[in-house]
Amino acid sequence: MIIKFDPHQMNAMLREDDDFVDYFTKEIMPRHLPSFANMAASPQAAEMTRWGRRYAEHFGFSDPVYQIHFVVLMWRIGPDFFLFEPYRTILEDRDQSEKQRMERCNLEPTMAQEGQAIARSKNDYWFPQYMRNNMLGVPYDDIEEQYLAEIEGKKGDAQ
């Protein structure tokens, strides 16, 4: 299913991340991703959407409209949908426009291919800062490791 945007949506000022996230979580999620709409107001949804935009930029999508389409696919199929064929091949074809690539992502994959991507998706991609050597080049920041190190440090201080 290809999402259609009305002219007001198309002209929205979505250049700034905060505006993009606000628009996506308040307008796009309730309307086009109803199964996720209940978490749209959460800080996690905002962070996931913000990282989704970074992935869209990574794949060469600079127009906010196509960034929205990209992030919708992340929510609908999985945050790592771009790792699976045919999505990967389509997204890496930089000879085509953003519009052409996004149309292909919505039309070319078969139901079976989409189902495989959904079944194999890993939610880790929503938070690349917690993945070592992530594709976005975001520095690794494992808060669990830091927490465990703090606990070990406190144990050492108590002895």
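So, surface first: about 9400 Å² of this protein is exposed, and 51% of that comes from carbon and sulfur atoms. Those areas are Shrake-Rupley values with a 1.4 Å probe, and for residues only the protein chains shown count as cover. Quick caveat: this is a predicted model, where local features need pLDDT of at least 70 and side-chain atom pairs count only at pLDDT 80 or more, while totals for chains, interfaces and linings use all residues. Numbering runs from 1 along each chain as its sequence is written, and side-chain values use heavy atoms, with hydrogens and water left out.

Okay, the fold. We've got eight helices and zero strands, so to speak α-α-α-α-α-α-α-α along the sequence. Helices here are DSSP runs of H or I with at least four residues, strands are E runs of at least two, and both are numbered from the N terminus. The C-alpha trace spans about 65 × 30 × 30 Å along its principal axes.

Of the 159 residues, 40% are buried, meaning under 20% relative accessible area with a 1.4 Å probe, protein chains only. Now contacts, that is, heavy atoms within 4.5 Å: among those with a separation of 6 or more, 63% link residues 24 or more positions apart.

Let's zoom in on Q67. Where does Q67 sit? In helix α4, residues 64-76. Is Q67 buried or exposed? Buried, with a relative accessible area of 2%. Skipping neighbours within four places in sequence, Q67 touches F20, R53, A56, E57, F61 and S62. That's my tour, thanks.

Note on methods. Buried < 20%, exposed > 50% of the residue type's maximum accessible area, 1.4 Å probe, protein only.
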